[in-house]
Structure formats: C-alpha cells, structure tokens
Amino acid sequence: MNHKFETPAELLISKLSFSHIREIMMLDDPLERFFYELECIKGTWSVRELRRQIDTKLFIRAGISQKPEQLLQKIHDKECGSKPSIKNVYALEFLGLDAKDEVDESDLEQAIMDHLQEFLLELGKGFCFEARQKRILIDDEYFFIDLVLYNRNLHCNVIVELKVGKFSIEHAAQLNAYVSYYKFEG
C-alpha cells in the first residue's frame with residue numbers, strides 16, 4: 001500500500017476536529033483528501049471554510065493554476081489575517097427556526113441550545129460553552145446573561161446577549177454592564 005498521500009493519523013487527530021475529518025473522508029481521491037487535510041491544517045480552517053473550499057473546488061483550481069502557491073497563499077492570508085477574531089456575520093440557518101410572524105429571544109436561545117455543536121462551529125475556532133441564563137448580581141439586583149462562552153484562543157469569556165430587532169443604546173448599556181461584571185467579578 002502506498003502511503004505517499006496519507007497524513008499521519010496522529011497529526012489529523014491532533015489538528016482537526018471530527019467534523020473536519022468527516023468532511024474530508026467523503027472525498028474519493030486520496031490525493032484530493034491529502035490536499036485538503038494539509039491545507040485545512042495549514043490554514044486552521046473552520047468546518048464551514050473547509051466545506052466552502054471543497055465546494056468551490058480549490059483542489060482543481062490549484063491544480064490548473066499557473067501559480068498555485070500564490071493562490072493558496074492568498075487564501076491562507078485571507079483566512080489568517082485577522083485571527084484570533086470574532087466574526088461580524090453569522091449564518092444561522094442550521095438552527096431550523098420555523099417560519100412564523102415573529103421569532104423571540106427565547107425561541108432563538110432554545111434553537112441555539114438544540115444545535116449547540118453547530119453553533120459553536122459557526123462561531124469559529126476555540127469556542128466552548130460555559131453557561132445559559134447565567135445569573136449575576138449587580139448592585140443588589142439579579143440579571144441573567146443569555147449565553148456565556150469561553151474562547152481558548154482569545155483566553156476570555158464571550159458574552160452572548162440575544163436580541164431580536166434593531167440594536168439600541170439600552171442593549172449596549174446592558175451588554176456593557178455584563179462585560180464590566182466579568183472584567184471585575186467574573
């Protein structure tokens with residue numbers, strides 16, 4: 001058996017999640033699998049980014065490119081340029097919220113909890129779930145933070161306050177109070 005296009009199992013397990021490996025296993029061509037394994041490890045791609053690169057045929061594009069090194073470098077620069085970071089836009093269609101006149105914050109929170117793994121993968125690398133409806137005490141009054149996450153890459157808590165509708169100054173003040181609590185008490 002030729003092991004020329006096989007990434008060592010220890011490397012795959014230590015650098016890629018099960019979801020990454022599952023996506024790559026779907027590919028029939030051993031050279032293509034090897035290519036995506038290496039590029040995914042080099043670029044520290046999210047599962048979503050790996051799927052995007054597979055769907056847009058990066059393997060074929062790199063193969064027919066006059067300068068494949070530049071193409072791959074451009075993709076890695078785009079991906080790695082702002083790490084670690086928190087994205088501005090999230091695609092949450094996997095939550096499967098039913099179409100209805102109005103989705104409230106509790107519907108959104110419950111959908112996130114029902115699809116927690118997909119939600120954490122969508123957020124990006126290093127996110128861990130810590131608490132739901134975390135009770136905190138500020139000036140002798142109890143408040144409840146919708147979701148508290150921790151990011152291992154950023155070494156900090158991430159407060160998720162779910163709001164449906166237009167963002168307001170009151171929302172910013174509420175979030176600022178929660179962040180201040182974690183900064184000094186948490």
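How closely do the axes of helix α2 and helix α4 come, and at what angle do they cross? Keep that in mind while you set up the view.

This is a predicted model, with local features needing pLDDT of at least 70 and side-chain atom pairs counting only at pLDDT 80 or more, while totals for chains, interfaces and linings use all residues. Residues are numbered from 1 along each chain as its sequence is written, and side-chain values use heavy atoms, with hydrogens and water left out.

**Stop 1: α2 and α4**

Select residues 18-25 (α2) and 47-55 (α4): their axes come within 9 Å and cross at roughly 15°. That makes α2 roughly parallel to α4 (angles under 35 degrees count as roughly parallel, over 145 as roughly antiparallel, 65 to 115 as roughly perpendicular and the rest as oblique). Axes here are lines fitted to C-alpha atoms, for helices over the stretch in contact, and angles run from 0 to 180 degrees between N-to-C directions. Helices (H or I, at least four residues) and strands (E, at least two) are DSSP runs, numbered from the N terminus.

The α2/α4 crossing is right-handed, meaning that the near helix is turned clockwise from the far one by less than a right angle. Now show side chains: S19, H20, R22, E23 and I24 of α2 meet V47, L50, R51 and I54 of α4, where contact is heavy atoms within 4.5 Å. Sorted by class, the residues of this contact are four nonpolar, two polar and three charged (Ala, Val, Leu, Ile, Met, Phe, Trp, Tyr, Cys and Pro are nonpolar, Asp, Glu, Lys and Arg charged, and the others, Gly among them, polar).

While you're on α4, pick E49 and R52, whose side chains meet in a salt bridge at 3.1 Å, N to O. They sit three residues apart in helix α4, so about one helical turn separates them. The structure holds five salt bridges, each a side-chain nitrogen of Lys or Arg within 4 Å of a carboxyl oxygen of Asp or Glu.

**Stop 2: α2 and α3**

Keep α2 and add α3, residues 30-43: the two axes come within 9 Å and cross at roughly 155°. The pair is therefore roughly antiparallel, and this crossing is right-handed too. H20, I24 and M25 of α2 make the contact with R33, Y36, E37 and C40 of α3. Four of those residues are nonpolar, one is polar and two are charged.

**Stop 3: the sheet**

Jump to the three-stranded open sheet, ordered β1-β2-β3 with antiparallel pairing. Its edge strands are β1 (127-138) and β3 (156-160), each pairing on one side only. Neighbouring strands are turned by 40° against each other on average, direction ignored. Two strands count as paired if DSSP finds at least two bridges between them.

Select β2, residues 141-151, next to β1: they pair over ten bridges. Walk along the pair and you'll find R132 bridged to L147, I136 to F143, and L137 standing opposite Y142. Two residues lie between the strands of this hairpin, and D139 takes a positive phi near 50°.

On the other side of β2, five bridges join it to β3. Here Y150 stands opposite N157. Four residues lie between the strands of the β2/β3 hairpin, and H155 in the turn has a positive phi of about 60°.

**Stop 4: helices across the sheet**

Which helices lie across these strands? Add residues 116-123 for α8, which lies across β1 and β2 at about 95° to β1. Then add residues 169-184 for α9, which lies across β1, β2 and β3 and runs at about 100° to β1.
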